[in-house]
Amino acid sequence: MANRHLRKRKRNNGRRCVSVVVFLLAGVMLIRMAVLYQKNEDYKQQEVQLSEQIKEETDRQKELEDYQSYVQSDQYVERTAKSKLGLLYENEIVFKEK
């Protein structure tokens, strides 16, 4: 009878140990899931910011391309020559205010 009681007690201790280990593993997994969920949310937010940054840079690139084509135009050369160098066409007259 003592032998049976001892085996039952060992079996209960084994079940308790297994239960504790299972609960610990479940707790660790829940914590890891929460951390991963937060990282995922951070990555989503970073993705949105980077998408906006890509759009801004694409718009900026378009502006730079437009400016480059303007700088290479005759209109730009004429305006620069008139404003910075004071050059005129032969038939132009400049009126200055006093």
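How many residues apart in helix 1 are Tyr67 and Tyr70, and by about how much of a helical turn are they separated? Tyr67 and Tyr70 are three residues apart in helix 1, which means that about one helical turn separates them. The model in which this spacing is found is a predicted one, and the two tyrosines are best read against the overall form of the chain.

The chain contains two helices and zero strands. Its radius of gyration is 39 Å, well over the 13 Å that the globule rule gives for 98 residues, and the chain is therefore more spread out than a compact globule. The C-alpha trace spans about 125 × 30 × 15 Å along its principal axes. Buried residues account for 1% of the 98 residues. The chain exposes about 10,100 Å², of which carbon and sulfur atoms supply 58%. Charged side chains comprise 19 positive and 15 negative ones, and the centres of these two sets lie 35 Å apart.

Helix 1 covers residues 2-71, and Glu63 lies within it. With a relative accessible area of 56%, Glu63 is exposed, because exposed residues are those over 50%. A separation of 35 Å is found between the C-alpha atoms of Glu63 and Asn91, which are 28 residues apart along the chain.

The aromatic side chains come next. A pair of aromatic rings is described by the distance of the centres and the angle of the planes. A search of the whole structure yields two aromatic pairs. One of them joins Tyr67 and Tyr70, whose rings are 6.4 Å apart centre to centre with 45° between the planes, a tilted arrangement. Tyr67 is partly exposed, at a relative accessible area of 47%, and Tyr70 is also partly exposed, at 26%. Tyr70 further pairs with Tyr76: the ring centres are 5.4 Å apart and the planes stand at 75°, so this pair is edge-to-face. Tyr76 is partly exposed as well, with 23% relative accessibility. Tyr67, Tyr70 and Tyr76 together form one aromatic cluster.

Charge pairing can be followed along helix 1 in a similar way. Side chains of opposite charge can pair when their charged atoms come close. The count of salt bridges comes to four, and three of the contacts are described here, beginning with Lys55 and Asp59, whose closest N and O atoms are 3.1 Å apart. Lys55 and Asp59 are four residues apart in helix 1, so about one helical turn lies between them. Lys55 counts as exposed at 52% relative accessibility, whereas Asp59 counts as partly exposed at 37%.

Glu57 and Arg60 form another salt bridge, with an N to O distance of 3.9 Å; the cut-off for such a contact is 4 Å. These two residues are three residues apart in helix 1, which again means a separation of about one helical turn. Both partners are partly exposed, Glu57 at 43% relative accessibility and Arg60 at 46%.

The side chains of Lys62 and Asp66 also meet in a salt bridge, at 3.0 Å from N to O. Lys62 and Asp66 are four residues apart in helix 1 and therefore separated by about one helical turn. Lys62 is partly exposed at 46% relative accessibility, and Asp66 is partly exposed at 39%.

Definitions and conventions: Residues numbered from 1 in each chain as written. Predicted model: local features only at pLDDT ≥ 70, side-chain atom pairs only at ≥ 80, totals over all residues. Heavy atoms only, no water. Buried < 20%, exposed > 50% of the residue type's maximum accessible area, 1.4 Å probe, protein only. Phe/Tyr/Trp six-rings, centres within 6.5 Å; stacked < 30°, edge-to-face > 60°. Rg over C-alpha atoms; globule rule 2.2 N^0.38 Å. Areas by Shrake-Rupley, 256 points an atom, 1.4 Å probe, with all protein chains shown as cover. Lys, Arg positive; Asp, Glu negative; His and termini not counted. Charge placed at Lys NZ, Arg CZ, Asp CG, Glu CD.
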